[in-house]
Amino acid sequence: MSPTTSQTRKRVTIITEAVIENVLLEDVEKLGAHGYTVSEARGKGSRGVRSGSWGASANIRVEVICDDATAERIMSHMWEHYYNDYAMILFAHDVEVLRPEKF
Amino acid sequence: MFDPVILFFILGVAAGLMRAELRLPAPVYEFLSFLLLLAIGLKGGVELARQSPLELLPQIVVIALMGTLMPFVAYPVLRLVGRLKRADAASIAAHYGSVSVGTFAVAVAYLTFRGITYEEYMPLFVVVLEVPAIIIGIFLARGVSRDTAWRRMAHEVFLGKSIVLLVGGLLIGWALGAEGVEPIRPLFFDLFKGILALFLLEMGLIAAGQIQVLRRHGLFLVGFGIGMPLVGAVIGTGVALMLGLSLGGTVVVATLAASASYIAVPAAFRLIVPEANPTLSLTASLGVTFPFNIVAGIPLYHAMAAAVHGS
């Protein structure tokens with residue numbers, strides 16, 4: 001297989017409160033993600049400013065590369081269990097990846 | 001005469017309110033709270049090495065009882081007078097039944113600054129008071145329902161940053177004793193005041209952020225944020241008297257009863273009772289109660305304790 005025969009997967013990005021990092025990542029893995037990337041974030045939304053300077057106001061950005069089915073599961077799970085109570089945004093788009101079997 | 005650490009807090013609040021270009025990096029905040037928690041634990045532990053903890057058991061039980069009952073004082077007021085939703089009332093009640101380690105540190109600094117002695121094993125009380133109110137609060141919010149993630153709660157509560165570092169510091173201080181702790185004395189003991197000053201500068205900035213949110217939530221939170229600590233301080237003074245503590249000890253216990261958590265309880269509630277509005281509780285405990293206690297409360301509780309001790 002050469003680097004030019006890549007394939008398409010979904011990249012799901014979740015930006016949410018840092019306090020729920022552990023539960024969120026547990027859920028994401030249970031839903032079929034093979035891995036994830038977490039980074040710190042800060043910003044502002046309908047629930048106010050998340051300045052990121054200390055625990056309660058810190059955000060994280062979780063990125064998952066997965067197939068369409070897993071992306072669907074993640075999105076509906078977030079919708080059902082997190083969207084009502086937590087500051088969270090989620091968006092997904094198609095990406096081209098190398099070694100698609102890893103996702 | 002102002003304790004220097006208070007001035008740093010005021011600087012932080014002023015800078016925050018004026019939107020100064022002062023950003024505190026999260027790792028710095030984390031580092032300072034690490035140091036603070038460990039230092040407080042260490043000091044308490046060293047004292048425990050001197051004195052048998054078994055003797056303290058009755059005191060610990062009474063203090064734990066106080067922590068368990070405080071949320072029941074706050075909850076009705078929040079529900080009936082504040083007309084808050086059940087989850088919000090339970091959350092705020094839990095915040096006020098628990099303690100603020102930062103406020104404790106300032107109380108200790110206040111007493112040291114004035115050369116007033118106090119029972120050095122008080123960090124043990126801080127540990128004991130952190131937890132019961134959270135459990136009561138969750139019970140008030142949810143009842144004893146199977147829905148509640150009790151295991152997750154236990155993990156968050158007993159393995160949260162505050163408890164781990166406080167208890168860890170206590171155990172290490174206890175194991176090392178006064179002599180064993182000498183090599184690390186320069187960082188954790190000698191520099192404590194300076195670290196606390198920086199920590200309060202950061203807390204001032206954070207509190208300023210919460211103060212700006214206050215406008216939206218009306219007078220009740222402000223009133224509760226000042227009234228509940230006062231009630232708590234009276235209860236704490238009574239308990240301290242009952243336990244026969246010194247003047248300094250009375251001030252500390254009153255301050256503990258008057259303080260409201262803003263680290264351990266918010267984190268626990270965010271996970272277990274997510275329907276509770278985090279802004280309400282943080283605004284009250286960080287925007288009103290913490291500044292009030294730091295600037296006016298502690299001197300007030302000192303006067304109350306002095307009056308009661310007849311000095």
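Start by selecting A:Glu63 in this predicted model. A:Glu63 has a relative accessibility of 18%, so it counts as buried, the cut-off being under 20%. Keep A:Glu63 on display and add A:Arg11, its salt-bridge partner. The closest N and O atoms of the two side chains are 2.3 Å apart. This pair joins distant parts of chain A: A:Arg11 belongs to strand 1 (residues 7-17), A:Glu63 to strand 5 (residues 59-66), and 52 residues separate them. A:Arg11, at 29% relative accessibility, counts as partly exposed, whereas A:Glu63 is buried.

While strand 5 of chain A is selected, colour the chain by pLDDT. Strand 5 has the highest mean pLDDT among the elements of chain A, at 96. For the other end of the range, select strand 4 of chain A (residues 48-50), where the mean is 77, the lowest among these elements. Chain A as a whole averages 89, and 94% of its residues score at least 70. Where pLDDT is low, the predicted coordinates should not be read in detail.

Next, select helix 1 of chain A, residues 21-30. Show the side chains of A:Glu26 and A:Lys30, which form a salt bridge with an N to O distance of 3.9 Å. Both residues lie in this helix, four residues apart, or about one turn. Which of the exposure classes does each partner fall into? A:Glu26 has a relative accessible area of 42% and is partly exposed. A:Lys30 reaches 64%, which is over the 50% cut-off, and therefore counts as exposed.

Stay in chain A and select A:Lys10, A:Asp68 and A:Asp94 together. What links these three residues? They are joined in a network of salt bridges.

Now move to chain B and select B:Glu30 and B:Lys161. Their side chains meet in a salt bridge, with 3.5 Å from N to O. To see which elements the pair connects, show helix 2 (residues 26-50) of chain B, which holds B:Glu30, and helix 9 (residues 161-180) of chain B, which holds B:Lys161. The two residues are 131 residues apart, and the pair links distant parts of the chain. Are these partners buried or exposed? B:Glu30 counts as partly exposed at 29% relative accessibility, and B:Lys161 counts as partly exposed at 26%.

To finish, show the salt bridges of the whole model. How many are there over all chains? The count comes to ten. Among them are the pair A:Arg11 and A:Glu63, the pair A:Glu26 and A:Lys30, and the pair B:Glu30 and B:Lys161.

How values were computed
Residues numbered from 1 in each chain as written. Chains lettered and ligands numbered in written order. Predicted model: local features only at pLDDT ≥ 70, side-chain atom pairs only at ≥ 80, totals over all residues. Heavy atoms only, no water. Salt bridge = Lys/Arg side-chain N within 4 Å of Asp/Glu carboxyl O. Buried < 20%, exposed > 50% of the residue type's maximum accessible area, 1.4 Å probe, protein only. pLDDT = per-residue confidence, 0-100.
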